[in-house]
Structures are given as C-alpha cells and as structure tokens.
Amino acid sequence: VTLGQYFTPDRIKDFMLDILEPKIGNLIIDPAFGSGGFLVFAYRRLLESIKRSGFNTEKIEQEKQKLASDYIYGTEITARLALACKTNMYLHGDGRTHIYRHDGLVNFGDIFEDKFDIVITNPPFGAPIDKRDILDNYQLGLKRRSQQSNVLFLERCVRLAKKGTGRIGIVLPESILMNTTYKYVRDWLDQNATVDAIFKMPSYAFKPSGTSGISTSLVFL
C-alpha cells in the first residue's frame, strides 16, 4: 500500500462492471487506475460484446479498432503502475492510446470534465492532498489546508462523467458515508449526483490485495 493505494479483487471489478454495464461506443475512464484492472476488464467485456454484436465483418473490425484506440482512458500518478497498466492492456489486445502517467485530479490533453459515459475507480484512501492549486479547483477542497484524496476523487468522478447520462462506480471508505465529519461531502454529493446504489463490503473484501480491516462501500451514481 503506497499513497493510500490498494488494489481491487477481480470479483469486485466484475460486480461493479455488471452494475455499470459498459456498452459499445461508451467512453470509459479510471482516473486512478493502479495497475489498470478495471480498464482491462472493461476492455475484455467490450471486445466480447463486439464479437457477439451481429455486426458484419467490416463493422466488427472497425469497432475493434475503435476499442483499441478510442474508448478506454486512464490516469495514474505512479510511474511503475502506469507502465504495468500499458503492458497489461497490450497483452489483452491494446487500448493503451489514452493511458497516461499523470495526476488524475488534473485536466490535460483529451481528459477533461463532462466527457465520459462511465467512470470507475478505486481511488487512493487517506492520502492527504495539500497542493493549493489542486484544492482550489475543487468545491470539496476550497478553503481547506488539505483534503483526503478519496474525497477529491469523488468530486473528480462526478465532474468527469457526462452530465445527465454519465454512470459512476467508486470504492469509498465507509466513513465518507457514515461519519458526521463528512456530512458536507454527502450534502455536496446530494446536490451534484444521484445515488443509485450503495453496497457495503465486508472488512475482508480487500484482503487479497494485502489490506484488511478497512470498511468500504461500492457507490454507484
């Protein structure tokens, strides 16, 4: 665990994608992708959807090419993880075009707000962010000396998703959803998104990734 990072077991990735139901043509982003598991799983699902689509051979090849170059996006601040994700994507058929080593809280290039059909992530937990230029760009960071990374990534996900139609799946610590300390975060969320479902995870859910005892929930917006 570094920078508050821990990785998502495959069964949870599958479950979250079952809920979000990525479709052919959707733009999908993980703004804190770690080793890229969500993106690889989404890529594989969409590839299978294209193969089973009933499109003619030419259309299938066109959609495969678009999937490989246009539909999958991601950012990760840690260099070795960004490289691991690119390698992982390549081994599964590509999709590396929009995979970047970059701060996922910052717009750049072709990653910007109100763009994505699906935002899916397990952001770093409990890593305080105190960079003034980042805090001042977030309603949940304004006038604060620091803010937890997961709180800023929650706002980031809402802002990355297409207004009105974007779908979000995010892993959050239960404290964000329950503690009075974070009521202002829940109030902001209530004003800026619709909560579709919350699934409380058992404390051992993330034990395969080397982390246990953290109470988490899967939140769909």
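A residue counts as buried when its relative accessible area is under 20%, as exposed when that area is over 50%, and as partly exposed in between. Keep those cut-offs at hand for this tour of a predicted model.

**Whole chain**

Start with the whole chain in cartoon view. The chain has 8 helices and 9 strands. Its radius of gyration is 17 Å, close to the 17 Å that the globule rule gives for 221 residues, so the chain is as compact as a globular protein of that length. Along the principal axes, the C-alpha trace spans about 55 × 35 × 35 Å. Of the 221 residues, 50% are buried.

**Helix 6**

Select residues 149–160, which form helix 6. How many of the residues of helix 6 are buried? The count is 12 of 12, so by the under-20% cut-off helix 6 is mostly covered. Step through Ser149, Asn150, Val151, Leu152, Phe153 and Leu154, then Glu155, Arg156, Cys157, Val158, Arg159 and Leu160; each of these is buried. From its first C-alpha to its last, helix 6 reaches 16 Å, close to the 16 Å expected at 1.5 Å a residue.

Now select arginine 156, which has its place in helix 6. Arginine 156 has a relative accessible area of 1%, so it falls under the 20% limit and is buried. Add asparagine 107 to the selection: the two residues are 49 apart in sequence, and their C-alpha atoms are 9.8 Å apart in space.

**Second largest pocket**

Stay with helix 6 and bring up the pocket it helps to line. The second largest pocket has a volume of about 340 Å³. It is lined by 18 residues, and those closest to its centre are Val158, Lys162, Lys163, Gly164 and Asn192. Which elements give two or more residues to the lining? They are helix 6, strand 7 (167–173) and helix 8 (183–192). Colour the lining by class to see 6 nonpolar, 6 polar and 6 charged residues. Val158 appears twice on this tour, as one of the residues closest to the pocket centre and as a buried residue of helix 6.

**Helix 2 and lysine 86**

Select residues 37–51 for helix 2. At 1.5 Å a residue, the 15 residues of helix 2 should span 21 Å, and the end C-alpha atoms are 21 Å apart, which agrees. The buried residues in helix 2 are Gly37, Phe38, Leu39, Val40, Phe41, Ala42 and Tyr43, followed by Leu46, Leu47 and Ile50. An α-helix has 3.6 residues a turn, so residues three or four places apart point the same way. With that in mind, look at Tyr43, Leu46, Leu47 and Ile50, which are among the buried residues of helix 2.

From valine 40, go to lysine 86, 46 residues away in sequence; their C-alpha atoms are 9.8 Å apart. Lysine 86 is in helix 4 (residues 79–91). Is lysine 86 buried or partly exposed? Its relative accessible area is 35%, so lysine 86 is partly exposed.

**Helix 1 and the loop after it**

Select aspartate 10, which lies in helix 1. At 43% relative accessibility, aspartate 10 counts as partly exposed. Show side chains here: that of aspartate 10 makes a polar contact with the side chain of lysine 13, at 2.8 Å. For a pair far apart in sequence, select valine 171 as well; it is 161 residues from aspartate 10 along the chain, and the two C-alpha atoms are separated by 14 Å.

Move on to glutamate 21, in the loop between helix 1 (10–20) and strand 1 (28–30). Phi of glutamate 21 is near 50 degrees, a positive value in a residue other than glycine. Glutamate 21 has a relative accessible area of 48% and is partly exposed.

**Either side of strand 4**

Another positive phi is found at aspartate 114, where the angle is about 60 degrees although the residue is not a glycine. Aspartate 114 sits in the loop between strand 3 (98–101) and strand 4. Its relative accessible area is 37%, and it is partly exposed.

Finish at asparagine 122, in the loop between strand 4 (118–121) and strand 5 (128–129). Asparagine 122 is buried, with a relative accessible area of 8%. What does its side chain contact? Display threonine 8: the side chains of asparagine 122 and threonine 8 make a polar contact at 3.0 Å.

Conventions. Residues numbered from 1 in each chain as written. Predicted model: local features only at pLDDT ≥ 70, side-chain atom pairs only at ≥ 80, totals over all residues. Heavy atoms only, no water. 1 Å grid on protein atoms, 1.4 Å probe; cavity = no way out; pocket = protein on both sides within 12 Å on 5 of 7 lines; lining within 4 Å. Points joined across faces, edges and corners; volume = space filled by probe spheres on them. Helix = DSSP H or I, 4+ residues; strand = E, 2+ residues; numbered from the N terminus. Nonpolar A, V, L, I, M, F, W, Y, C, P; charged D, E, K, R; others polar. Expected span 1.5 Å × (residues − 1). Buried < 20%, exposed > 50% of the residue type's maximum accessible area, 1.4 Å probe, protein only. Polar contact = N/O pair within 3.5 Å; in protein donor to acceptor, adjacent residues only side chain to side chain. Rg over C-alpha atoms; globule rule 2.2 N^0.38 Å.
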